[in-house]
Amino acid sequence: MTLPYAFEKQVALVAVRRACALTSSVFNRLVKNETLTKGDKSPVTVGDYSAQAVVNTILGRAFPADPIVGEEDAAEMRQESNSELKNRIIALANEALTAPLGPGETSDLGLGPGQERTPEELMDAIDRGGDQGGRTGRRWTLDPIDGTKGFLRGGQYAVCLALIVDGKVVLGLIGCPNLPVKSDEPNGRKGCIFVVVKGQGAEQVTLSGDRSVPLTIPPVVPGTLNFLESVEAAHADLAFNNRISELLNITRAPARMDSQAKYGCLARGDGGVYLRMPTGTGYREKIWDHASGSLLVEECGGIITDSRGKSLDFGLGRSLGENYGFIAAGKDVHGQVLAAVQQALAEIGRK
Ligand SMILES: Nc1ncnc2c1ncn2[C@@H]1O[C@H](COP(=O)(O)O)[C@@H](OP(=O)(O)O)[C@H]1O
Ligand SMILES: [Mg+2]
Ligand SMILES: [Mg+2]
Ligand SMILES: [Mg+2]
């Protein structure tokens, strides 16, 4: 008997691997060497759209009936004024789709030499990501490059893909091309994918697919708790995290990194708690930014809630509804962080 979601997992891995190879190559060709002027966002634009085109093309072939909630849409790229960017996106997407078959890839996935798609097919693939989400049914959610800021600075970013059934995440992948495979070898080999299936646990596999390690969040050694948090002050209230550090006598510096790589690090014990509190602008968090990570934390024995202690709801649409922040941690520390967060909110008259 095959396990539930075995085929979905295989296809999602293929899609995330190819998208990671594509985004790495975009970085190496367009950002690293560069001819670009500082502040030019075109590499991330090209990377975002072409990665979404590739993942959605692969999903569309394997699961033609499944809707996709993707971060990007092709409206801008269909404009005549963007034809140069569009041509680059099409060339890159086709390069990724026609690369020779790798591990777990079979010819019926529509990949490999000779499998070029037309520009129109690729624009339509990007627009397959326009699903509005919802309470019932089965749908994928995709963030082709999560942590765009990290991508541009050569830091952490992630290709994130999850499958949601009736508002619950059942499969999640976080592909991190720049994350060291071993946390104790920061200058060693890089590139890992966190893969989780509901009820089946989680693993970290290498981008090349030659190594798989099962994951569980280790208990925090007393006195060594630290935060995982965003680099971008616009994305999370970092001063609030400082207040929680005081309340919990945390002395270790936070680990700051972009993207859902934070959830991957939490899952393998590189940081004790991921705290992300809203900045007060009314921004609503998006399902593609947390779907894979939330299941990863839970399957690794941890807890993820908002600041009221409630679980996240992936059935509300493209966003997660009103933003009460996120607290993700192992079972041994989640309760004390939640209590400290509620105390700190009460001090400033917030709920
Ligand atoms: N005001 C805000 N509050 C919280 N998250 C925000 C935000 N503005 C943008 N984001 C989201 O934060 C994500 C990055 O998170 P992090 O800070 O953990 O790296 C972005 O994903 P993208 O980079 O895919 O656009 C974006 O969706
Ligand atoms: Mg994102
Ligand atoms: Mg993104
Ligand atoms: Mg974005």
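A residue counts as buried here if 20 or more other C-beta atoms lie within 10 Å of its own. Keep that cut-off at hand for the exercises below, and remember that this is a predicted model.

**Exercise 1.** Work out whether Ile145 is buried or exposed, and describe its surroundings.

*Solution.*
- Begin with the place in the fold: Ile145 sits in strand E2, which covers residues 138-146.
- Next, take the count: 29 other C-beta atoms lie within 10 Å of Ile145, so this residue is buried.
- Finally, look at the contacts. Leaving out residues up to four places away in sequence, Ile145 touches Thr23, Val44, Gly47, Asp48, Ala51, Phe151, Tyr157 and Val159.

**Exercise 2.** Find which residues UniProt lists under "binding site", and how far they spread in sequence and in space.

*Solution.*
- The unreviewed UniProt entry lists Glu71, Asp143, Ile145, Asp146 and Asp289.
- Along the sequence these residues are spread over 219 residues, yet they cluster in space, with a largest C-alpha distance of 10.0 Å.
- Now pick out Asp289. The loop between strand E10 (273-276) and helix H8 (291-299) holds this residue.
- Asp289 is buried, because 22 other C-beta atoms lie within 10 Å.
- Its contacts, not counting residues up to four places away in sequence, are Asp143, Asp146 and Gln260.

**Exercise 3.** Describe how the two domains meet.

*Solution.*
- Set the bounds: domain 1 runs over 6-215 and domain 2 over 227-347.
- Their C-alpha centres lie 24 Å apart.
- Count the contacts: 37 residues of domain 1 are in contact with 29 residues of domain 2.
- Name the elements. On the side of domain 1 that touches domain 2, those giving two or more residues include E2, helix H5 (148-152) and strand E4 (168-180).
- E4 gives the largest share of that side, seven residues.
- Sort by class: the side of domain 1 that touches domain 2 has 17 nonpolar, 13 polar and seven charged residues.

**Exercise 4.** Explain why ligand 1 can be said to lie between the domains, and describe its shell.

*Solution.*
- Start with the shell: 18 residues surround ligand 1, and the closest are Thr148, Ser230, His235, Asp258 and Tyr283.
- Check the domains. Both domain 1 and domain 2 give residues to this shell, so ligand 1 lies between them.
- Look for the main contributor: strand E2 provides the largest share of the shell, three residues.
- Sort by class once again: the shell around ligand 1 has three nonpolar, seven polar and eight charged residues.

Terms used. Residues are numbered from 1 along each chain as its sequence is written. Chains are lettered from A and ligands numbered from 1 in the order in which they are written. This is a predicted model: local features need pLDDT of at least 70, side-chain atom pairs count only at pLDDT 80 or more; totals for chains, interfaces and linings use all residues. UniProt positions are given in the numbering used here, feature names are shortened, and annotations may be inferred rather than shown by experiment. Helices (H or I, at least four residues) and strands (E, at least two) are DSSP runs, numbered from the N terminus. A residue is buried if 20 or more other C-beta atoms lie within 10 Å of its own, exposed if 12 or fewer, and partly exposed in between; C-beta atoms are placed from the backbone. Two residues are in contact if their C-beta atoms, placed from the backbone, lie within 7 Å. Domain bounds come from an automatic or database domain assignment. Ala, Val, Leu, Ile, Met, Phe, Trp, Tyr, Cys and Pro count as nonpolar, Asp, Glu, Lys and Arg as charged, and the others, Gly among them, as polar. A residue is near a molecule or strand if its C-beta atom, placed from the backbone, lies within 6 Å of it.
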